[in-house]
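Hi,

Here is the structure I promised to pass on. Have a look at it first, and then read my notes below.

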Amino acid sequence: VVEGDTDNWQSYEVEKIMDRKISWHGSKPLIEYWVKYKGYGTEHNEWHPRGGPYINGLMENAQDLVRDYERIHPIDAK
């Protein structure tokens, strides 16, 4: 749970982006990230889509972690 939250919803802090998968929906790729939450075991890991709320706003540190992951593991442009 993220320290300092004042709303009634529990927020979980992303500790690490563990993996990425790309699936195709017609001609559009769907990129998802396997997310590990801080303070939780791997049984709580979840897939979250790029542009979804966890990656794109709710998780303040998630965008930085995605950028770091993408820098280390770039998508092959072949």
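**What I found**

The accessible surface of the protein chain comes to about 5,900 Å², and carbon and sulfur atoms account for 51% of that. Please keep in mind while reading that this is a predicted model. Of the chain's 78 residues, 23% count as buried. Looking at contacts between residues at least 6 apart in sequence, 33% join residues that are at least 24 apart.

**The fold**

You'll find 2 helices and 3 strands in the chain. Going along the sequence, they come in the pattern β-β-β-α-α. The 3 strands make an open sheet, in the order 1-2-3, with antiparallel pairing. Strand 1 (14–25) and strand 3 (46–49) each have a single partner strand, so they stand at the edges and one side of each has no neighbour in the sheet. From one strand to the next, the twist averages 30°.

Now for the pairings. Strand 1 and strand 2 run antiparallel to each other and are paired over 10 bridges. These two strands form a hairpin with 2 residues between them, and Gly26 in the turn has a positive phi of about 70°. On the other side of the pairing list, strand 2 and strand 3 are antiparallel too, joined by 4 bridges.

If you want a place to start in the viewer, try Tyr33. Arg20 stands opposite Tyr33 in strand 2, and Tyr33 in turn stands opposite His48 in strand 3. As for the helices, helix 2 (residues 62–72) packs on the sheet, where it touches strand 1 and strand 2. The direction of helix 2 makes about 70° with that of strand 1.

**Tyr37**

Next, have a look at Tyr37, which sits in strand 2 (residues 28–37). Is Tyr37 buried or exposed? Its relative accessible area is 5%, and the cut-off for buried is under 20%, so Tyr37 counts as buried. The side chain of Tyr37 makes a polar contact of 2.7 Å with the side chain of His48. Tyr37 and Ile17 are 20 residues apart along the chain, and their C-alpha atoms are separated by 9.1 Å.

**Salt bridges**

There are 6 salt bridges in the structure. As a general reminder, side chains of opposite charge can pair when their charged atoms come close. Here are three that I looked at.

The pair Lys36 and Glu15 forms one of them, with the closest N and O atoms 3.4 Å apart. Lys36 belongs to strand 2 and Glu15 to strand 1, so this pair ties together parts of the chain that are 21 residues apart in sequence. Lys36 is buried, with a relative accessible area of 14%, while Glu15 is partly exposed at 40%.

Then there is Arg50, whose salt bridge with Glu70 has its closest N and O atoms 3.3 Å apart. Which parts does this pair tie together? Arg50 is in the loop between strand 3 and helix 1 (54–58), and Glu70 is in helix 2, so the pair links parts that are 20 residues apart in sequence. Arg50 is partly exposed, with a relative accessible area of 42%, whereas Glu70 counts as buried at 17% relative accessibility. This pair also belongs to a wider set: Arg20, Arg50 and Glu70 are linked in a network of salt bridges. That is the Arg20 you met above, standing opposite Tyr33.

Asp68 and Arg71 make another salt bridge, and here the closest N and O atoms are 3.8 Å apart. Both residues are in helix 2 and 3 residues apart, so about one helical turn separates them. Asp68 is partly exposed, with a relative accessible area of 36%, and Arg71 is exposed at 60%.

**Where to look**

For a quick tour, go to Tyr37 and its polar contact with His48, then to the network of Arg20, Arg50 and Glu70, and end with helix 2 where it packs on the sheet.

Cheers

Terms used. Residues are numbered from 1 along each chain as its sequence is written. This is a predicted model: local features need pLDDT of at least 70, side-chain atom pairs count only at pLDDT 80 or more; totals for chains, interfaces and linings use all residues. Side-chain values use heavy atoms; hydrogens and water are left out. Buried means under 20% relative accessible area, exposed over 50%, partly exposed in between (1.4 Å probe, protein chains only). A polar contact is a pair of N or O atoms within 3.5 Å; within protein, one must be able to donate a hydrogen and the other to accept it, and residues adjacent in sequence count only if both atoms are side-chain atoms. Two strands pair if DSSP finds at least two bridges between them. Axes are lines fitted to C-alpha atoms, for helices over the stretch in contact, and angles run from 0 to 180 degrees between N-to-C directions. Contact means heavy atoms within 4.5 Å. Accessible areas come from the Shrake-Rupley method with a 1.4 Å probe; for residues, only the protein chains shown count as cover. A salt bridge is a side-chain nitrogen of Lys or Arg within 4 Å of a carboxyl oxygen of Asp or Glu.
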